[in-house]
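Me: I would like to see how some labels on a protein model are earned. Please set each value against its cut-off.

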Amino acid sequence: SCYFADNDEIAIGAMRAFKEMGYRIPEDVAIIGFDNIPYSTFVDPPLTTIDVPKAFMGKIAACFLIEVIKNPSEHHAKIEINTSLVIRNSI
C-alpha cells in the first residue's frame with residue numbers, strides 16, 4: 001500500500017504517524033510526497049517525492065502578472081510544467 005501526500009510536510013507527518021502506529025516504511029506502507037523540500041532528505045527513511053521547479057513557476061507567474069497589469073482585459077491561462085520523481089527510501 002502507498003500513501004501519496006499533497007506535499008512533503010504532510011508526507012513527513014504521515015511517516016511519523018504511521019511509525020507511531022507500528023508500521024514500517026516502506027515495508028508496510030510506502031510514502032510519497034510532493035515538492036521536494038530540503039528536509040525530505042533528512043527524515044528516516046529519506047522521502048521519495050515529486051520535484052517541482054518552483055523558481056521556474058515563480059518566473060512564469062510573475063511574467064503572467066506583468067502581462068495582466070499591462071493589458072488588464074480578461075486573461076485565462078493553462079500552464080503545464082514538467083515534474084520529476086525523486087526516488088529515495090520511502091518506497
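What follows is a set of questions about ring pairs and one charged residue.

Reply: This is a predicted model, where local features need pLDDT of at least 70, side-chain atom pairs count only at pLDDT 80 or more, and totals for chains, interfaces and linings use all residues. Residues are numbered from 1 along each chain as its sequence is written, and side-chain values use heavy atoms, with hydrogens and water left out.

Me: What makes Tyr3 and Phe18 an edge-to-face aromatic pair?

Reply: Rings of Phe, Tyr and Trp (its six-membered ring) pair if their centres lie within 6.5 Å; planes under 30 degrees apart are stacked, over 60 edge-to-face, and the rest tilted. Tyr3 and Phe18 have 6.1 Å centre to centre and 70° between the planes, so the pair is edge-to-face.

Me: Why are Tyr39 and Phe42 called tilted?

Reply: Their ring centres are 6.4 Å apart and their planes stand at 50°, so the pair is tilted.

Me: How do you know whether Phe42 is buried or exposed?

Reply: Buried means under 20% relative accessible area, exposed over 50%, and partly exposed in between (1.4 Å probe, protein chains only). Phe42 has 65%, so Phe42 is exposed. Tyr39, at 48%, counts as partly exposed, as does Tyr3 at 29%.

Me: Why does Asp35 have no salt bridge?

Reply: A salt bridge needs a side-chain nitrogen of Lys or Arg within 4 Å of a carboxyl oxygen of Asp or Glu. For buried Asp35, the nearest side chain of opposite charge (Lys and Arg count as positive, Asp and Glu as negative; His and the chain ends are not counted) is Lys54, 5.3 Å away, so no salt bridge is counted.
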